[in-house]
Every structure is written in structure tokens, then in C-alpha cells.
Amino acid sequence: MTRLERIAKVKTDKKELVRFKKASIKFTDGSKGQPLKLKAVSKGELPTDTEDSIFRSIVGNTYYWMDSHEDVHVKGCFTKSIQENKPFFLKDHEFKTGSKIGEFIETREQLISWKDLGVEMEGETISLVHDAEIIKGYNESLFAQYKENKVNQHSVGMYYIKVELAYDDPTDKEAFALYSKTLPLLGNMEQAKENGFFYVVSEAKLQETSAVLRGSNSLTGVLNEGTNEEKIAKLFEKVADIDKINNICDDIKETYKQKPLKNTLPSKPSIFSNLV
């Protein structure tokens, strides 16, 4: 189907498509693109990890990004919902008692730069961020995966409250005005432009956020992966012979303490000079 044909079809079926959206609950269907690597940020005020609980800030959804449902969430989308209800933290959208991963300490809509989300463009967007306690007793497998930084996608389970179709057709003033207003704000504007239309979701009721293999929105990773001290500790845990590592470091220091031979050309200070 060509771009013009797609636009013509959604224009014809506009009311029915919006009605269908509002009648359904949204889960992930797997994004078409590869997950982008989020820039790690400080753990801030999150509690310190323990043997039985680890604490991470996860992204459940990122606004102004056309996802695989052709949805674009906009500012304030979940504001009312997160003020009224605490969402569940689940795996794979399984709404069962045994499917909880942990508990959300706080849920917020947070300004975040596109570059911190892995998108090479200037400016900021808004992400739905959960400060989460991941509990070993709930699900040991996923606890281990989060601890090893192997979970990088999440997805929301939600009901649409306010959703409108926006498309590139000036003969429909309302839909075209919404399209023209929203398109320049998108982080994947070219993809949305090529598609010719998208749904603008201005209000939704959040039920849960899940860890998934691939989310409908690819900008849904983990904002923090532990402190540098924790990463270093994990690295040394994997090293069998610490004394051997120390001996190698001592050898490097001794090497750079030696005076150069007379026929050695002058050189710039070594990057290891601070070890001497």
C-alpha cells in the first residue's frame, strides 16, 4: 500500500479506527527497530542494592516517538492516571499474582534529552519513568537479569482515554492541523512522515509496566545500571587471581619508571605517568 493509499484509508475509516483503539488494551507487539542504548545516569536518591533487592529507574514509555502501534504519546498522557493509581510491575504483561517482578517506589513523567535515550538529535522529550525495587523473592531469574544489566526493554499495559488520528491531508483541517503540530516534535519524524499518519494519545489509563523482550516503543530501557563502584566490584568478582592482576599493574609501573636509553627520541608524557 502506498503512502497516499494509507492516508486515504485511515481518513475513510477514521471514526471506526479511533473507536477500536478506545475499546482495546494496549500491550507490546514488538517494535520493528532495534532497541537503542540508553545513556546511563546516576542512581541518585535510590536506595543501595542489597542481596534481596536491587533498585533501578526504568523507562516504561517515551513520548513523541511513533511506536509500532503507530501511536504517539504526548505531554500529560499518563499524568491523571499515575496520580490516581499505582501501576503493577510485571513480566510479559501477565496479569497474574505470580508475575510480579517488584514494586514501583515512584512513577513520574520526566524530561529527558533525546541523546540520553540514544537518539542523535538535540532537545528533550518526556519519558514515563519508574523508580523500581526489583525483588529477588518475586522472580529470581529476572532479578539476576536486571542485576547483570540484561533487561533493556519495557512496555506499558494501558487503556486509551483520549486518542485522535493525525494525517497528512490538508482537506481534513482538524487531522492535518494535529499532524502538522505534532510531527516536528517527534524523535523519529522521518519514519512518521513516511508513514503519513499516526495516532496522538493525549490521555491513557496505565495498568502496569512489564519487562519484555522487545517493546512497541524501543526507547524503554534502564536509566541506571548501578554505580561505577558496583560495576568494578562485579568485574573483580569474575577475576580468579587478583594477585596476578596486581602483579601486572606493578610491572607496568616499573616499566615506566625506567630511564630511556640515550638513543631514545624524546616522547610525550605517558598516559600511565599518574601511576608512578
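**A buried histidine, the nonpolar cores and the aromatic pairs**

His73 is buried in this predicted model, its relative accessible area being 0%. The residue belongs to strand E3, which spans residues 71–73. The side chain of His73 is joined to that of Asn61 by a polar contact of 3.4 Å. When residues up to four places away in sequence are left out of account, His73 touches Lys26, Asn61, Tyr63, Tyr64, Asp67, Phe78, Met158 and Val201, so that Asn61 appears both as a polar partner and among the residues touched by His73. Because a relative accessible area under 20% counts as buried, the value of 0% places His73 in that class.

The protein as a whole comprises eight helices and eight strands. Of its 276 residues, 41% count as buried, and the accessible surface comes to about 16,100 Å², with 54% of this area belonging to carbon and sulfur atoms. Among contacts with a sequence separation of 6 or more, 77% are accounted for by residues 24 or more positions apart.

The largest nonpolar core contains 41 residues, and within this core Phe78 and Phe198 touch the most other members. Two or more residues are given to the core by each of helix H1 (3–12), strand E6 (124–135), strand E7 (154–167), helix H5 (173–182) and strand E8 (197–211). The surroundings of Phe198, with neighbours within four places in sequence set aside, consist of contacts to Met66, Glu70, Val72, Glu164, Leu165, Ala166, Tyr179, Thr182, Leu183, Leu186 and Ala192. A second core, separate from the one just described, has 13 residues, among them Ile54, Ile58, Ala132 and Val151. Phe78, one of the two residues that touch the most other members of the largest core, is also one of the residues touched by His73.

Aromatic rings were examined next. The geometry of such a pair is given by the distance between the ring centres and the angle between the ring planes. The count of aromatic pairs comes to seven. One of them, formed by Trp65 and Trp114, is tilted, with 6.1 Å from centre to centre and 40° between the planes. This pair links distant parts of the chain, 49 residues apart, as Trp65 lies in the loop between strand E2 (53–62) and E3, whereas Trp114 lies in the loop between strand E5 (100–113) and E6. Both Trp65 and Trp114 are buried.

The pair of Phe89 and Phe104 is stacked, because the ring centres are 4.7 Å apart and the planes stand at 25°, an angle under the limit of 30 degrees that applies to stacked planes. Phe89 is located in strand E4 (residues 88–91) and Phe104 in strand E5, so the pair ties together parts that are 15 residues apart in sequence. Both members of the pair are buried, with a relative accessibility of 1% for Phe89 and a relative accessible area of 3% for Phe104. Together with Tyr146, Phe89 and Phe104 form one aromatic cluster. A further arrangement involving a ring is found at Tyr199, where Lys21 lies over the face of the ring at 4.3 Å from its centre.

Two loops adjoining strand E5 show further local features. In the loop between E4 and E5, Asp92 and His93 both have a positive phi although neither is a glycine, the angle being about 55° for Asp92 and about 60° for His93. The accessibility of these residues is also described: Asp92, at 46%, counts as partly exposed, whereas His93 is buried, with a relative accessible area of 13%.

The loop between E5 and E6 holds Val119 and Glu120. Val119 is buried, with a relative accessible area of 7%, while Glu120 is exposed, with a relative accessible area of 69%. The C-alpha atoms of Val119 and Asn188 are separated by 8.7 Å, although these residues are 69 residues apart along the chain. Likewise, the C-alpha atoms of Glu120 and Gly187 are 8.9 Å apart in space, with 67 residues as their distance in sequence.

Notes: Residues numbered from 1 in each chain as written. Predicted model: local features only at pLDDT ≥ 70, side-chain atom pairs only at ≥ 80, totals over all residues. Heavy atoms only, no water. Helix = DSSP H or I, 4+ residues; strand = E, 2+ residues; numbered from the N terminus. Buried < 20%, exposed > 50% of the residue type's maximum accessible area, 1.4 Å probe, protein only. Contact = heavy atoms within 4.5 Å. Areas by Shrake-Rupley, 256 points an atom, 1.4 Å probe, with all protein chains shown as cover. Polar contact = N/O pair within 3.5 Å; in protein donor to acceptor, adjacent residues only side chain to side chain. Core = buried A, V, L, I, M, F, W, Y, C linked by side-chain atoms within 4.5 Å. Phe/Tyr/Trp six-rings, centres within 6.5 Å; stacked < 30°, edge-to-face > 60°. Lys NZ or Arg CZ within 6 Å of the ring centre and 35° of its normal.
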